[in-house]
Amino acid sequence: MDTSIPEVLLGMGDSITAGVGAGRPDRSYVGQLTRCLHEATAKPWRTWILARPGMRTVDLMHQTRLEPLPQANIVVMTIGGNDLLWRAGTVIVRPDRLPALLEQSRRHLAAALARVKTQTSGWVFLGSVYNPYPESHLASWAVAEFNERVIFPQAGGRTVIVPLHLLFEGRQPEWIEGYRRGRLGDRQRIPWRRPVHPNPAGHRAIAGAFLEAMATSGAIQPARDPGRLHPA
């Protein structure tokens, strides 16, 4: 019996990290990543999930102020898609408002990450926002601006950006649950039915991207060749 103290993986952010679209918790990217980390490091891992569907950067900031966080060896996070969805109407009518809105998101995310780093002891891996509507020029522009102005500036020290926007580019029809035409018109009123979440294959791809980032950054010391590790 393995009696060693488990390492802790903490999942924070929005519905992607909460596992929406995966079908089962063990098929979520966090669930697959936990198994891969156990295999890669030959250590037991325990998972905490504080991610919630619908979470925006401002919600994440408030969560880190109000909720105690567990000591974690590694924190994984996806955030930002809901910021864009909430502001889509404003951006469609007034695209010139986007820079000011993104600056608010940047400040909220920076404040949240500062508290995460203070309360936990490990690395933070932050996924960039992928574009679920690749046939929309407005969505492509807004997502690129969000990553450039909000996500990428958070890199540094033990905060690593995982480029999910590059991972998903051209693979949206394969990896997004309920993908239709890739246009903003595909949006539905019911949030969890919008074609924006990764399907099980998408979650698997995300898990692989996070695992690769952990291995190449030095956050984990694989007990075997990380190039041979793949989410199941």
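# Exercises on a predicted model

The buried residues of helix 6 are L98, L101, L102, S105, H108, L109, A112, L113 and V116. Keep that list at hand for the first exercise, and remember throughout that this is a predicted model.

## Exercise 1: Helix 6

Task: Work out whether the buried residues of helix 6 line one face or are spread around the axis.

Solution. Begin with the general rule: an α-helix has 3.6 residues a turn, so residues three or four places apart point the same way. Now look down the axis of helix 6: its buried residues fall within an arc of 135 degrees, so they line one face of the helix.

Next, check the length. With 22 residues at 1.5 Å each, helix 6 should span 32 Å, and its end C-alpha atoms are indeed 32 Å apart.

Finally, take one residue from the list. L98 belongs to helix 6 and is buried because its relative accessible area is 3%, where the cut-off for buried is under 20%. The C-alpha atom of L98 is 8.5 Å from that of E145, although the two residues are 47 apart along the chain.

## Exercise 2: Helix 7

Task: Find which elements the buried residues of helix 7 pack against, and which exposed residues sit on the face turned away from the buried side.

Solution. Start with the span. Helix 7 covers residues 137-151, and its 15 residues should span 21 Å; the end C-alpha atoms are 20 Å apart, which agrees.

Then list the buried residues of this helix: A139, A142, V143, F146, N147, V150 and I151. They cover an arc of only 135 degrees around the axis, which puts them on the same side of helix 7.

Now turn to the neighbours. The buried residues of helix 7 pack against three helices and two strands: helix 4 (81-86), helix 6 (98-119), helix 8 (164-168), strand 4 (123-127) and strand 5 (159-162). On the face turned away from the buried side you will find the exposed residues H137 and E148.

## Exercise 3: Strand 3

Task: Decide how many residues of strand 3 are buried, and which strands pair with strand 3.

Solution. First, go through residues 74-78: five of the five residues in strand 3 are buried. I74, V76 and T78 are covered on one side, V75 and M77 on the other.

Second, look at the pairing. Strand 1 (residues 7-13) runs parallel to strand 3 and is joined to it by five bridges; in that pairing, L9 has I74 as its bridge partner. Strand 4 also pairs with strand 3 in the parallel sense, over five bridges, and here V75 stands opposite V124.

## Exercise 4: Aromatic pairs

Task: Classify the ring pairs Y29 with F210 and F168 with W175.

Solution. A pair of aromatic rings is described by the distance of the centres and the angle of the planes. Counting ring pairs with centres within 6.5 Å gives four aromatic pairs. One of them is Y29 with F210, at 5.0 Å centre to centre and 20 degrees between the planes, so this pair is stacked, the cut-off being under 30 degrees. This pair links distant parts of the chain: Y29 lies in helix 2 (residues 29-41) and F210 in helix 10 (residues 200-217), 181 residues apart. Both Y29 and F210 are buried.

For F168 and W175, the centres are 5.3 Å apart and the planes stand at 70 degrees, so the pair is edge-to-face. F168 and W175 are both buried, and ring pairs link them with Y130 into a cluster.

## Exercise 5: Two single residues

Task: Sort A42 and N82 into buried or exposed, and describe their settings.

Solution. A42 is exposed, because its relative accessible area is 56% and the cut-off is over 50%. A42 lies in the loop between helix 2 and strand 2 (45-49), and has a positive phi of about 60 degrees although it is not a glycine.

N82, in helix 4, counts as buried at 13% relative accessibility. Leaving aside residues up to four places away in sequence, N82 touches D14, G54, M55 and R56.

## Exercise 6: The whole chain

Task: State how many helices and strands the chain has, and what share of its residues is buried.

Solution. The chain has 10 helices and five strands. Of its 232 residues, 49% are buried. Among contacts between residues at least 6 apart in sequence, 78% join residues at least 24 apart. As for the surface, the chain exposes about 11100 Å², with carbon and sulfur atoms supplying 53% of it.

Terms used
Residues numbered from 1 in each chain as written. Predicted model: local features only at pLDDT ≥ 70, side-chain atom pairs only at ≥ 80, totals over all residues. Heavy atoms only, no water. Helix = DSSP H or I, 4+ residues; strand = E, 2+ residues; numbered from the N terminus. Expected span 1.5 Å × (residues − 1). Buried < 20%, exposed > 50% of the residue type's maximum accessible area, 1.4 Å probe, protein only. Arc of directions from axis to C-beta. Contact = heavy atoms within 4.5 Å. Phe/Tyr/Trp six-rings, centres within 6.5 Å; stacked < 30°, edge-to-face > 60°. Areas by Shrake-Rupley, 256 points an atom, 1.4 Å probe, with all protein chains shown as cover. Pairing = 2+ DSSP bridges.
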